[in-house]
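Thanks for coming, everyone. I would like to walk you through one model today, going slowly from a single side chain to the strands around the chain, so please have the structure open as I talk.

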Amino acid sequence: MHTLQNNFILDGIDNNTFSENVQELSTEAAHPSVDVIAEFNVITNPYSAEYGRAPGAVVSVNTRSGANKFHGTVYEFVRNQYFDAFDYFSKQSQAKKAEDNQNQFGGSIGGPIVRNHLFFFFNYEATRVKQGVSRISTVPLDNERIGDFSTAAAAVDGIAPYPTVYDPLTCATPYNVKSGCTAFSNNQIPSDRIDTAVSKLMALFPEPNFKSGGANYPELNNYSRTGALTDFNSSYDARVDWTPSSADTLFTRFNYFNRTRDIPGYFGGLADGTSTSAWGNQILKGTSVVLGWTHIVKPAMVNDFRFGWVRDYSYAQQQSFSLPQMAGSFIPGISNNPAIGGGVPLTQFSNKTFLGSPDYLPKKQVPMLYQYNDTLSWTRGNHNLKFGATVFLPMRNVFQDEPGTRGDLTFTGIFTGGLSYADGLLGATQYTQLTNVFFVDQRLWMASGFVEDDWKVSPKLTLNLGLRYDFAAPAVEGQNRMANFNPAGAGSLVLAKAGSLGDRALVNPNTTNFAPRFGISYSLNDKTVLHGGYGIYYTSLERIGSEDQLALNPPNLINKTLASNVAPVLTPAVGFPSNFLDPATIDLTQLQNFHIRAVNPNIGSPTVQQWSVGFQRQLTPAWVGEVDYVGTHSTNLDVLHDYNQVLISGNKVVTSTSAPSGTKPYANFGQIEYLDAVGFSNYHGLQASVTRVLHNGLSVRGAYTYSHSLDNTPEELESNSGGAPNGRNPAAWYGNSDFDVRHRISANYVYQLPFGSGKAMLQSGPASWVLGNWTTSGVYTFYSGHPFQAAWSSENSLLDAYGFAVAPPNQVATVHYLKKTSCWFYDASNSKCGAAASGLTTPFTDPGQYNIGNVGRNTLVGPRTQLFDFALYKNILFTKSANAELRWEVFNVANHPVFGQPSGNASSSSVGSITSLSADPRVMQFAIRLNW
């Protein structure tokens, strides 16, 4: 199951965000401090019909209340770089140790307002993070900036010779480099042919500064920078509990947080180099309120009512937003709109590098929902019955989330023989887009109900029987500003109109989402329990991003995209026409240059069947063992693909004289980003654990999981493996899931040292004061590597000009893993591999243009992860009700580097290289807590 398919509950109400792309950076709407939590449950086999909304684990949290006595705490946790280790890549670049200052502080207080009847609790917590982050990237070498790709220039650089650069104007068919083209003299582009706009953009790149242990600057991964990251967060929690009578308990809880976060790009300044809209500068705010009333109807019947209100706010912008230089200063025709801010177009040189700020910045989300939840519990004989209903109404999200507001330029090398720098300097743009600013007023609602019976059939046998129903209305727009694609005939746009839910949403609602649940527990004896279950679950709300938002279509959102493998779509120095985004120019029957977002109007809800069987046994009075088999089968998973992808027969694009780059099925349309429920997945896992409950001051738990997950679609908002090479045949893209981990081991312990008052040793005196009341704990984690995709990325655009398809290479030899950061697996095109091994064969080759290679999905495996975290803390008693706790915590004690995924781009000379970490080096944290 995907990470977005978990369900979070806080004080009995839904605590899940519902923005269309998790712009809040978390699927949880409210984030209570640890000191606020009174009860925390993770339910991984939720066979109770009470739980729905998503098929993953249920995380249920209840907050603390006050009591008849005043209690409080104050604390501070501190980290800084002086106690941290160098990270792996900073050490290589001989950079100064990056800043790492983190302060987490706060306090809480609770007590009576009216003894025995009215209580309060309040908590404040703040986190202040200032951190230097290592960035390793690629900048053009000096000769590459001026179009000198001669053999002599390559020799001076100490790199492999450049491919031949052809003059695309000399080809028999201009810009078609298949035949009849003349190469530039000495492989140098004349200065008078260089596009002035691209030259200005190239000049923004910093100079190379990272040699990675070599004598010369390499062509790739030759620039290192430590950027400044800041993350400031403040949160407040308040709760009041009232017991007016023995039959009634009421409470209200309020949560608010305010967070600002700045994450740097690879270059900084105007060049920026931010690779994802999750970076940049962001403001996050959230408010959550719940009212609860528990009423004892009679001794065997209890009713629980909850009302909840949640509102989040997120606004993000590129770090160059406030700079005076705007995209229109570089590329004519781009509006200098203050809402878009400063910065340059996102300019990408395939297989090399990019500069500028990402699509989808700036962006904004303001989601808000009201919810009502009521549950009636009734004990009748050996049956514990529950009935419940939940309504989410209204749910509203005002958002701005469109790409390309400062324009995009993509150069792939298709027009000069394979070198994207050459295409760029000639201004031969393979793909571009430009978009207006548009705010969507999205509205939806959800409802669910359930009935279940926990039936104690006998002292040994308990059955859990239940049925749940979930309904989620498809999203509509407040002013019906939506459009969908109708694939009938030559294709057309269907516009939303007032009327039924289907008329407004352009998607038919699913009304048959009934979910039976069954659980069983049987005691073989007083030491062994068998348990199992089966359930069906539906994902009520997908947060897949703006890709499936039908409001982001013409004639309201004008997201114009141009892409071609036959001729350049834009000359940057000339720029965009002045009327490029003029609504008056839109002809809804001629949409070749528009990005259309579309959804199958009869799309089904993502559905998961889950089952498990296992047993738990008391091994000794202190030890408990458990073994479980867990399986899932998912259908109707959402898959995005280009409905207008070129036709593919077998493993080859269908080309012709009139359509040399492939035949499109809808000649009047360009990109049609289509969402359909054609994904499926399977998971099988064996889970084993052994637990030693706290005994003689020691508790231990160890767990091992062997599992295998396969699917045919990347996780929502992720694209590690990319889209199917042939979007019309998603079943052929069935393979290892992006998150598949075969082996996972975890172990933890808590040990109270046997010194001090009431312990076995040193019960009194100075030694007891110094050595007494110490506790140590630790957590060990190991898991095998995640899979990743081998691709011939320079030819992705030949399978789909808009980037929806991955071009797999052909595999001609066994993959040999050298497991070095410079060469994770052997490929001769990576010069570092030759230095690390000899006598090996490069495993991947070019399948040829417009061909799909024989490599399947996620056949490569990345680095494993191994971490041990340690803590030592001492409890100092002042009085019976007051104490202090001193803590020393070390994360990643052994300083194992936890590497990111290697590059699987077999068409690049950086294939197999690793340039990032996915976790911190060794970090220490110190803390003090005062409790009374």
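Let us begin with the side chains of Asp-237 and Asn-255, which are joined by a polar contact of 2.7 Å, and please keep in mind throughout that this is a predicted model. Asp-237 is found in strand S10, which covers residues 223-245. Which side chain of opposite charge is nearest to Asp-237? That is Arg-253, at 5.7 Å, and because a salt bridge has to fall within 4 Å, Asp-237 has no salt bridge, although Asp-237 is buried. Leaving aside residues up to four places away in sequence, Asp-237 touches a set of residues that includes Pro-32, Ser-33, Phe-121, Phe-122 and Phe-254, as well as Asn-255.

Now to the sheets. One open sheet has 4 strands in the order S2-S1-S4-S3, and the pairing in this sheet is mixed. Strands S2 (13-14) and S3 (37-43) stand at its edges with a single partner strand each, so one side of each is left without a neighbour in the sheet. S3 pairs with strand S4, residues 58-63, in the antiparallel sense over 6 bridges, and there Phe-40 stands opposite Val-61.

Further along the chain, strand S20 (residues 440-456) and strand S21 (residues 461-472) are antiparallel partners over 11 bridges, forming a hairpin with 4 residues between them, and in this pair Trp-455 stands opposite Leu-463. S21 is also joined by 9 bridges to strand S25, residues 514-523, again antiparallel, with Leu-461 standing opposite Tyr-522.

Technical notes. Residues numbered from 1 in each chain as written. Predicted model: local features only at pLDDT ≥ 70, side-chain atom pairs only at ≥ 80, totals over all residues. Heavy atoms only, no water. Pairing = 2+ DSSP bridges. Helix = DSSP H or I, 4+ residues; strand = E, 2+ residues; numbered from the N terminus. Buried < 20%, exposed > 50% of the residue type's maximum accessible area, 1.4 Å probe, protein only. Lys, Arg positive; Asp, Glu negative; His and termini not counted. Polar contact = N/O pair within 3.5 Å; in protein donor to acceptor, adjacent residues only side chain to side chain. Contact = heavy atoms within 4.5 Å.
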